[in-house]
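Colleague: Hi! I'm new to this one, could you walk me through it?
Modeller: Happy to, here it is.
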Amino acid sequence: SRKQLVPPSVDLPRFLFRLCFQLSPTSPEPASLPAEDISTNSNGPKQEILLDDDQEDLFAEATEEVSLDSPEREPILSDGPSPAITPVTPTVIITPRVDASMFDRSPDEDEEAEENGDTFDLQIMVSDPEKTSLNLFNRNEFTVKRRFSDFLGLHSKLASKYLHIGYIVPPAPEKSIVGMTKVKVGKEDLSSAEFVEKRRSALERYLMRTVNHPALLKDPDVIQFLESTELPRAVSTQALSGAGILRMVNKAAEAVNKMTIKMNESDAWFEEKQQQFENLDVQLRKLHASVESLVCHRKELSVNTASFAKSAAMLGNSEDHTALSRALSQLAEVEEKIDQLHQEQAYADFYLFSELLGDYVRLITAVKGVFDHRMKTWSKWQDAQVMLQRKREAEAKLQYANKPDKLQQAKEEIKEWEAKVQQGERDFEQISKNIRREVGRFEKQRVKDFKVVIIKYLESLVHTQQQLIKYWEAFLPEAKAIA
Amino acid sequence: PPSLHHKTSGSSKESHPRAVNVDLQTDATLQVDISDALSERDKVKFTVHTKSTLPNFKQNEFSVVRQHEEFIWLHDSFVENEEYAGFIIPPAPPRPDFDASREKLQKLGEGEGSMTKEEFTKMKQELEAEYLAIFKKTVAMHEVFLCRVAAHPVLRKDLNFHVFLEYNQDLSVRGKNKKEKLEDFFKNVVKSADGVIVSGVKDVDDFFEHEKTFLLEYHNRVKDASAKSDRMIRSHKTLCLMETFFLFVCRFFLKVSELFEKTRKIEARVAADEDLKLADLLKYYLRESQAAKDLLYRRGRALVDYENANKALDKARAKNKDVLQAETTQQVCCQKFEKISESAKQELIDFKTRRVAAFRKNLVELAELELKHAKGNLQLLQSCLAVLKGDT
């Protein structure tokens, strides 16, 4: 029986925050809750967790290739309060620490509740070596418990606040298990432990990206999320998941297209960047295809190796020269072990890259979203200018009509629209500035992220070679012993 | 399809044919090798080079050009020669088969538009290397056949063999036409049916009875192992290609060191070496064990003929009719049977010795090569990691 393989989690480079989760085995008792549970909303399995208005199958998006051409419509999140956030470069350095235990899950919870009812412990350690006055947290070391839905809730708030001013808000993890690839590794679906680990790892990356963002780190919602012992239950929201982001972006894109905005791009930088992101998208899909192909062929090799091993064993059985017979049996054993190596490698390849790719496809859609928002902002500004012009023309006409009231109103409207035009221009400049900065950050981060994954990949290859050396070194004397 | 000119002399030692056959004394009296080969379109032309001190030949050293069909002709002439019924006839080399490789190259050509020039060149190089490897193997297989003949105490004196080696014109041996192929087919059907009957006859001699049982099972298992090893190595080679492509795509995202590419090259070498040491070994012993089975069949056939002749003689004596004829027939059968039995025993013992030695040699070399490559790979990967981790 195959040993339970836990997919390696991707550790993103940490220069600010490090939150990791370690999971202890699920307790079999459904109703027992740990003593420190202080959430007002009991995490008991019978709790109804209403998250999403979606009537559709949660898994529907899961097996689709991520594409931006989804015809689905979803109301865009209402523009929440839009604080004029001036980004601050934090000087706080926080060291990582991990500890978590997963709450029990009763087997008869309904699937939706179960899916989003996963609870995780976060243990956070904050250290501030520079002793800045930026005192974001009350304590240096603390633990909180959060549900999966809480993470989604946090993301939805951040998205509503920052996406439209050009911040690349890290997308939340997928709700569904399968993610973006159709490749199934292993004969069974992901076991409970594997599913939880995958989710844990995805949440970790999500949170890390969020707190690595200088402005988001200071956001009160983020701080509350990290620090407060009780978190208000996430109200049913729309567009919580990564797929929801997609829908939102699609909606925005369609709206933009409908307006047939032909934006006079005065800034070549934006044109160039959009092109680069298109290209990145293409390369990611290529990578996805080649990883799937790699995993597929490695699994095929594994199957064929196992088959050959059995055959070699049979040959060894029928060989009537004793020493040769023994050597052939040993060869069969070596090949069996090598088969196991291939399986493990395929598994590692799959998880390593599918996680990364999933993250980046979602990130890119978020990036495209902010670019689209910029266009919308420009459009709004242009519209205001048009309106202002109309108001001025109207006022000019009214100069000759003898209607002092209407003239006064027209002058007031002109003032109103002048202000709007100014605001529109400011907004546009601000979002452009934000995006430039965000894209710079994104690109740096991307290189780091890929580096980490490729290093892990190489390390797994190193391990494989070391095992191969072990096996063949053990076999060599057996072969030499044939006399 | 590429036209390859290949010189075996001085090239890779691993593809040396003698790897498969080990007891060949480098006998100064007769040395045969394939010094050169040319692949064009459907044909492969082998340059057979002979060095001999035997008086039978006009010169001490000479070369001729031969094609696959001429090797088959030579092999078939041995099989059909009654004098050689008591020997394991060295198995005929397989037909050069570049179809799979050619198909891959063609597919690559069709897909040229969908990849970058660099990718295309890369893949093309890999496939051409594969083609070359297959080519080297077919040369090796043909060479080992000739060496086995040259090493055999009786076969080396065969006249057809000498003609094959020396006659510098085309032997005008054409491939079999449809009619002949059909005849062959029926002959084989009859032979295998007969083989079943003959093998059913219990042998008095323990040695041969044991050999019969052993060879039957052994042959089947070698056949299975050969097919499975082929499949395994083929998927290994395909995986290497996939990894190369994957690496390519990775390079967009990160400046992955060229060292990484070298590991892929080593991986391809691993597959190639497994092919030579394992797959080819099994393939060869599949053919040799068939040849050994054929020998047992011929002996079994002779035994049955002998026993039938005995019965016929008894009958003739009882009726007192055609006794002389029956006696002659019986004597002929007896002689034939005894001649075959005598040499067959030694041939089968030699077969076992050769087999054990060949497996030993190849398994040892396989393990050594696997180790060498794994260590090389490990070193490269670790250097690669050091570079990546180094520049943050």
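Modeller: We can talk about the interface of the chains and then about one residue.
Modeller: This is a predicted model, where local features need pLDDT of at least 70, side-chain atom pairs count only at pLDDT 80 or more, and totals for chains, interfaces and linings use all residues. Residues are numbered from 1 along each chain as its sequence is written, chains are lettered from A and ligands numbered from 1 in the order written, and side-chain values use heavy atoms, with hydrogens and water left out.

Colleague: How many residues of chain B are in contact with chain A?
Modeller: 56 residues of chain B are in contact with 55 residues of chain A (contact means heavy atoms within 4.5 Å).

Colleague: And what area do they bury between them?
Modeller: About 5,200 Å², with 74% of it on carbon and sulfur atoms. Buried area is the accessible area (1.4 Å probe) that two parts lose on being put together, summed over both. R221(B), F246(B) and F253(B) supply 14% of what chain B buries against chain A, more than any other three residues.

Colleague: How many salt bridges cross the interface?
Modeller: The rule finds seven (a side-chain nitrogen of Lys or Arg within 4 Å of a carboxyl oxygen of Asp or Glu). One of them joins E368(B) and K480(A), whose closest N and O atoms are 4.0 Å apart.

Colleague: New topic: is D449(A) buried or exposed?
Modeller: D449(A) counts as buried because its relative accessibility is 0% (buried means under 20% relative accessible area, exposed over 50%, partly exposed in between, with a 1.4 Å probe and protein chains only).
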